[in-house]
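Hi,

Here is the model I said I would pass on. Have a look at it first, and then read my notes below.

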Amino acid sequence: MQKDTYIFALESSCDETAAAVVKNGREVISNVVATQIEIHRQYGGVVPEVAARKHLESINLVVDEAISQANMKFEDMDAIAATEKPGLVGCLLVGVNAAKTLSLVYNKPFIPVNHLKAHVCANYIDTDLKPPFLCLLVSGGHTQLIKVSDYGQEEIIGETMDDSVGEAYDKVARLMGLPYPGGIEVDKLAKSGIGDKHRFKLPKARTSGEFDFSFSGLKTAMLRLIQGLEKEGEELPVHDLCASFQETVSATLFEKALSAAKAYDIKQIALAGGVAANSEIRRKFFDLENQGFKIYAPKMKYCTDNASMVGAAAYFLH
Ligand code: KG4
Ligand code: ZN
């Protein structure tokens with residue numbers, strides 16, 4: 001029988017300090033996240049210097065909590081992993097230094113993990129997903145279509161030319177006076193059922209690359225629309241605005257990903273990143289299961305930043 005592999009993983013690239021113990025890349029033994037959202041909300045976005053200081057405050061607590069919730073010792077771990085890039089450098093340093101210290105003290109290998117690959121690998125948690133698959137990675141910083149041919153063998157076949165989807169959500173939310181991070185707030189209003197998703201016709205960008213994306217035009221269209229409504233002195237129809245925006249974004253992502261899956265003849269599609277928590281994006285994709293596709297999307301807590309996905313990536317990619 002093969003020996004089980006346990007990885008202790010850390011994530012600190014943005015505004016969550018997180019630690020986890022992951023078994024064989026698929027089973028989460030403990031998952032602890034200290035979020036800084038409340039702190040950054042007052043600034044309307046993440047302040048890098050504040051974020052780095054908060055990580056320093058939280059890291060030891062999160063590390064202790066994750067190992068004790070797992071009811072294990074560092075001696076039981078096979079490796080220590082941490083997000084190495086991309087992200088805010090002052091924030092990344094906190095997690096990487098903590099992980100390197102643990103690896104030195106307990107004489108365990110240190111595994112540096114790419115944050116984007118970790119989001120993709122969140123799809124291995126609690127599933128039997130095996131490559132090949134197409135991954136739509138939609139986070140606060142990135143929007144990519146990735147062809148995963150094998151474990152660790154990825155090719156970016158499309159990406160955004162300007163804003164990421166998460167950025168577009170957050171900026172549009174701010175225009176409507178919704179709190180940071182706006183994605184989840186827009187989703188809440190859009191899915192309330194009160195709004196009319198066809199009330200506002202919004203542009204779907206054309207891009208030169210067949211599977212590339214662009215969201216800055218949509219963001220500007222929302223800005224003009226909101227300014228126009230405000231000028232008329234109307235109370236903003238936030239439900240209609242959110243529903244219309246969400247319909248345009250989700251349809252754009254869905255159409256591109258589906259045509260890529262057909263072009264590459266791939267029957268498994270995985271969603272990843274914070275925006276993969278979005279209700280309408282999930283609904284559109286899961287509907288494809290009626291057409292012979294198999295759809296994967298991490299549980300909500302593994303969509304937004306967490307360390308379990310880092311542990312999964314460390315296992316499958318190294
Ligand atoms: O992956 P993530 O936690 O951090 C990055 O690596 O960037 O993604 C955060 C992004 C934010 O822009 C947030 O607004 C968005 O994910 N988000 C959502 C939803 N939940 C989080 N966007 C749309 N709908 C949601 N339900
Ligand atoms: Zn992320």
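**The zinc site**

Keep in mind that this is a predicted model. The zinc ion (ligand 2) is held by His115 (NE2), His119 (NE2) and Asp305 (OD), with coordination distances of 2.0 to 2.1 Å. Along the sequence, these donor residues follow the spacing H-x3-H-x185-D. What ties such distant stretches together? His119 sits in helix 4 (residues 115-121), while Asp305 is in the loop between helix 10 (300-303) and helix 11 (308-317), so the pair links parts that are 186 residues apart in sequence. Both His119 and Asp305 are buried.

As for the geometry, the four donor atoms around the zinc ion (ligand 2) subtend angles of 96 to 130°. That counts as tetrahedral because every angle falls between 85 and 135 degrees. For reference, the ideal angle for four tetrahedral donors is 109.5 degrees.

**Ligand 1**

Two of the zinc-binding residues turn up here again. His119 has a polar side-chain atom 3.0 Å from an oxygen atom of ligand 1, and a backbone N or O atom of Asp305 lies 3.2 Å from an oxygen atom of ligand 1. Asn278 also joins in, with a polar side-chain atom 3.0 Å from a nitrogen atom of ligand 1.

How much of ligand 1 does the protein bury? Taken alone, ligand 1 exposes 550 Å², and the protein buries 89% of that. There are 18 residues around ligand 1, and those that come nearest are Gly140, Asp170, Asp187, Gly274 and Asn278.

Cheers

How values were computed:
Residues are numbered from 1 along each chain as its sequence is written. Chains are lettered from A and ligands numbered from 1 in the order in which they are written. This is a predicted model: local features need pLDDT of at least 70, side-chain atom pairs count only at pLDDT 80 or more; totals for chains, interfaces and linings use all residues. Side-chain values use heavy atoms; hydrogens and water are left out. Donors are N, O and S atoms within 2.8 Å of the metal (3.2 Å for Na, K and Ca); water is not among the atoms, so sites may look incomplete. Four donors count as tetrahedral if all angles lie between 85 and 135 degrees; four count as square planar and six as octahedral if opposite donors are over 155 degrees apart and all others between 65 and 115; anything else is irregular. Helices (H or I, at least four residues) and strands (E, at least two) are DSSP runs, numbered from the N terminus. Buried means under 20% relative accessible area, exposed over 50%, partly exposed in between (1.4 Å probe, protein chains only). A residue is near a molecule or strand if one of its heavy atoms lies within 4 Å of it. A polar contact is a pair of N or O atoms within 3.5 Å; within protein, one must be able to donate a hydrogen and the other to accept it, and residues adjacent in sequence count only if both atoms are side-chain atoms. Accessible areas come from the Shrake-Rupley method with a 1.4 Å probe; for residues, only the protein chains shown count as cover.
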